[in-house]
Amino acid sequence: MSRVDRIAEPWGTRTPYGPGEPWPVRVDSFLREGVREEDVDRWVRSASILHSNGDALDIAVKDERVVGVRGRAEDRVNHGRLGPKDLYGWQANHSPDRLTRPLVREGGRLAEAGWDTAMDLVASRAKELLDEQGPSAIGFYTSGQLFLEEYYTLALIAHGGIGTNHVDGNTRLCTATAAAALKESFACDGQPGSYTDLDHADVIALYGHNMAETQTVLWTRVLDRLAGPNPPAVICVDPRETPVARAATVHLANRPGTNVALMNGLLHEIIEHGWIDERYLSDHVVGFEELERRVGEYPVERVAKICDVPVDALREAARLIGTARRLMSTVLQGFYQAHQATAAAVQVNNIHLVRGMLGRPGCGVLQMNGQPTAQNTRECGADGDLPGFRNWSNDAHIQELAGIWNVDTLDIPHYSPPTHAMQMFRYMEEGSIRFLYVSGTNPAVSLPELRRIRSILGQDRLFVVVQDIFLSETAQLADVVLPAATWGEKTGTFTNVDRTVHLSEKAVEPPGEARPDLDIFLDFAHRLGLKDRDGAPLVKWSDPEGAFEGWKECSRGRPCDYSGLSYDKLREHGGIQWPCDEEHPDGTERIYADGAFWSAPQVCESYGRDMITGAPLSPTEYRALNPEGKAVIKAAEFFPPHEPPGEDFPFWLTTGRTLYHFHTRTKTARAPQLRRAAPEVWVEMSEGDAESRDLGEGDLLEIATVRGSVRARLRVSGIRDGVLFLPFHYGYWDEPGGHGPGDGPGRAANELTITDWDPVSKQPIFKTAAARVALLERAGRVPSKAPTTTASRPVAPSAVPATAGGSAAEADERIPPAGAGERIPPAGDGERRLPAEGVS
Ligand SMILES: Nc1nc2c(c(=O)[nH]1)N[C@H]1C(S)=C(S)[C@@H](COP(=O)(O)OP(=O)(O)OC[C@H]3O[C@@H](n4cnc5c(=O)[nH]c(N)nc54)[C@H](O)[C@@H]3O)O[C@H]1N2
Ligand SMILES: Nc1nc2c(c(=O)[nH]1)N[C@H]1C(S)=C(S)[C@@H](COP(=O)(O)OP(=O)(O)OC[C@H]3O[C@@H](n4cnc5c(=O)[nH]c(N)nc54)[C@H](O)[C@@H]3O)O[C@H]1N2
Ligand SMILES: [Mo]
């Protein structure tokens, strides 16, 4: 066993392995100072909640408090490993400032109240509006961080009970494009690939995905391959010099907002060289001819100019991708939070389709998720989809759903696609939505153009309910605040990006009167008196397992089939990949292995959309493509972003994450090791741009767009010229003065971002805006406090103290002797086998 400072070394110790070999086990754990493993009263099964990787872990409990976590050696996802947020983030659960009682606004201020008072108020306001205005007055805005059981219950209440079409999640900001791209290409949501593809791939391409910082354990898997025999080539498409870029064989640092041009250039090279699988195309795909025509207009010389990347680098990337024998791709926010998000993400699918690289070990595409439970928001229909990947414009699907819920078909709104979040905020602005129920998300920091969002949420005519675990910036604007229990304090399941379902069990009691989100939703349903067609209660369960059993029936026969799962089975086996049914009792490692897709018109989740306008296609238009079981290739031309830099605003502003924080930091800033690793906001600029403006490390700058301004210290980093980067983690809850910046510059990146979205997925654009900088104050010799271990690594490292956690951040790593790890079977013969128990 060794002790490692996992702030200084986020990915821990290497355990190298070769292609097709099992990924060795390494069990990571971190316990509160002074607690040893033998002191722990019990270990409770769960998985990590601060990213989408789904790392399986056990929660250590002592004296009825969480005292630490330990990775699960036998789980297929992480083989025991944990990332820094997993190791330290749980400490936030016991923060003294957790919400413990409901709050109700009285005379302009939030005051404590009992549950009955608060819930009566919420239910009576909803009823009033239903009587006055009907269901369209009510909107729900939920999360990618609750549990499956909670989303399914919420979807039933909203779609089946209240009958509103205004239901979405923060998944709109996160993985709406992942879902849209999967629907466009494969006619249905659901990841074709599996994490085990990383064990087999000879080329791994990451598109707008800083996996090293955002899925640290998955990146550890890549690092272990890179350290082993016959390592894969890595391709990175990202304007910043991320840790992924540093490890890459080819790094394409394209100009922000040019992803579609870049993809068209790669496809052009691939097709021109004949690196295509004609047989796969003719047997399993429609639409190739149009792609061929379209990308014909994008020779690499032209693309190199649009993207400002070297022609040779483009050629080399295309050659690696085009000649890969086992190609694995991942896509995330650098592609998704852009003006042509779906069009770009679909081109990654297209590469796999033209190369016939799907459904075999090492040949997977992961249209990534970000949040731990985003997959479930989508599956359960709590986010602008309908439960079970049902098609809102297929009446047979609505009838089936109505049958399961025992409601009238007409009670489930399906006159148009469910309203997306950006449109919901517009309806609130205009005054047609009068009641907004927010759960598990913090829009006052995470949505674009915050001044606008604060003014919408602050309106008197809008009744805002916020269900959270802390008094977030959004909660501070609410009419009623409901204190929730969180991970470790409630039971439920969730599904990671490669379809692995984990059970997370209650380990300790929630603080004060805080209640699980499920219980609060059930209470709301009862107070509204929601009934089914026969007058019985609409929601037929009262606990998580009951909700899961209900969901199993709703998912039966659908692509995301959970009918073969149960809490007991998940307890026994750990993570299992859906679909899991009678035919596949152990789950399914790869879908579409036989080249058959869910695309027949009567089964598909969506008839697709126009790539440029986003307009939904009619069933007739869809049939004309003749997809009957085949995948659909959709081509797209490139358009420049809507707000390009110019004279007054000369920079491209892009925003995103750092390894040590999660979103609006409500949890990570309450974990001391993580807070200290990245204590305050910074802005990144290239060395060339800094020199030409006579700026240096640590200078205090004001960054502005037409919408607002932010004050931050400068980190001179490896970002490409002409681009600024701001992390979006820093809001106002831990600043004196509360929820907003007042008149001066703020510190939230979203003061600056634009109210605009991808036409297909409706995902807002966080990755491009035109910005300028002004010097406020020279640094003297004080550098910015940005981490040095990540993309924000300084170009002059000697001038900046290295990021480290010291003894407070020492975690244990246990690497079993060679041979022991092999008890986790190699996946990859296409067949899924369950891991053996108890490797540690
Ligand atoms: N540490 C940490 N991990 C997390 C989270 C977190 O908050 N912190 N959040 C989780 C969630 S919800 C999500 S969605 C994921 C997000 O995970 P990622 O998508 O990996 O994270 P981001 O930093 O948002 O963006 C990824 C990269 O896109 C690049 N980029 C910006 N503009 C462009 C462009 O125009 N083209 C290209 N090709 N790239 C561009 C940025 O430089 C950045 O490095 O992370 C998950 N994991
Ligand atoms: N500029 C910019 N903006 C972005 C992004 C970007 O890259 N750049 N990324 C976008 C993306 S991908 C995402 S996912 C969003 C994330 O944006 P948000 O969802 O707004 O961010 P979080 O901080 O995760 O907010 C989750 C809230 O839920 C609370 N919470 C945690 N656990 C529980 C629970 O069990 N129950 C309840 N009821 N509440 C709980 C937390 O305290 C917190 O207030 O931000 C988006 N915004
Ligand atoms: Mo996200």
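**Helices, ligand surroundings and backbone features of a predicted model**

At 1.5 Å a residue, the 14 residues of helix H15 (residues 341-354) should span 20 Å, and the separation of its end C-alpha atoms, 20 Å, agrees with this. The expected span is 1.5 Å times one less than the number of residues in the helix. Helices (H or I, at least four residues) and strands (E, at least two) are DSSP runs, numbered from the N terminus. The structure is a predicted model, in which local features need pLDDT of at least 70 and side-chain atom pairs count only at pLDDT 80 or more, while totals for chains, interfaces and linings use all residues. Residues are numbered from 1 along each chain as its sequence is written, chains are lettered from A and ligands numbered from 1 in the order in which they are written, and side-chain values use heavy atoms, with hydrogens and water left out.

H15 is mostly covered, with 14 of its 14 residues buried. Here buried means under 20% relative accessible area and exposed means over 50%, with partly exposed in between (1.4 Å probe, protein chains only). Just after H15, Gly 356 takes a positive phi of about 60 degrees.

A second helix, H21 (residues 517-528), has 12 residues, which at 1.5 Å a residue should span 16 Å; its end C-alpha atoms are 17 Å apart, which agrees. Because 9 of its 12 residues are buried, H21 is largely enclosed by the rest of the structure. The buried residues in H21 are Asp 517, Leu 518, Ile 520, Phe 521, Leu 522, Asp 523, Phe 524, Ala 525 and Leu 528. Just after H21, Gly 529 has a positive phi of about 70 degrees.

The largest pocket holds about 610 Å³ of space. On a 1 Å grid over the protein atoms alone, a pocket is an open set of points, where a 1.4 Å probe fits, with protein on both sides within 12 Å along at least five of seven lines, and lining residues have an atom within 4 Å of a point. Grid points are joined across faces, edges and corners, and the volume is the space filled by probe spheres set on the points. The lining of the largest pocket comprises 38 residues, and Gly 384, Trp 392, Pro 417, Pro 418 and Arg 609 lie nearest the centre. Helices H4 (176-186) and H18 (421-430) each supply at least two lining residues, and H4 gives the most, with 5 residues. By class, the lining has 13 nonpolar, 14 polar and 11 charged residues. In this grouping Ala, Val, Leu, Ile, Met, Phe, Trp, Tyr, Cys and Pro count as nonpolar, Asp, Glu, Lys and Arg as charged, and the others, Gly among them, as polar.

Ligand 1 is surrounded by 33 residues, of which Thr 214, Asp 238, Gln 333, Arg 657 and His 661 come nearest. A residue is near a molecule if one of its heavy atoms lies within 4 Å of it. A polar backbone atom of Thr 214 is 2.8 Å from a nitrogen atom of ligand 1, and a backbone N or O atom of Gly 257 lies 2.9 Å from an oxygen atom of this ligand. In the side chain of Thr 654, an N or O atom is 3.2 Å from a nitrogen atom of ligand 1.

Around ligand 2 there are 34 residues, the closest being Gln 145, Asn 170, Ser 446, Asp 468 and Thr 664. An N or O atom in the side chain of Thr 441 is 2.9 Å from an oxygen atom of ligand 2. Polar side-chain atoms of two lysines also lie by oxygen atoms of ligand 2, that of Lys 490 at 3.4 Å and that of Lys 767 at 3.2 Å.

Thr 790 is found in the loop between strands S28 (770-777) and S29 (810-814) and is buried, with a relative accessible area of 0%. Its side chain makes a polar contact with the side chain of Ser 792 (2.9 Å). A polar contact is a pair of N or O atoms within 3.5 Å; within protein, one must be able to donate a hydrogen and the other to accept it, and residues adjacent in sequence count only if both atoms are side-chain atoms.

Most residues other than glycine have a negative phi, and most peptide bonds are trans. Asp 63, in the loop between strands S4 (56-62) and S5 (65-71), has a positive phi of about 50 degrees and counts as exposed at 56% relative accessibility. A cis peptide bond, with omega about -5 degrees, joins Trp 578 and Pro 579.
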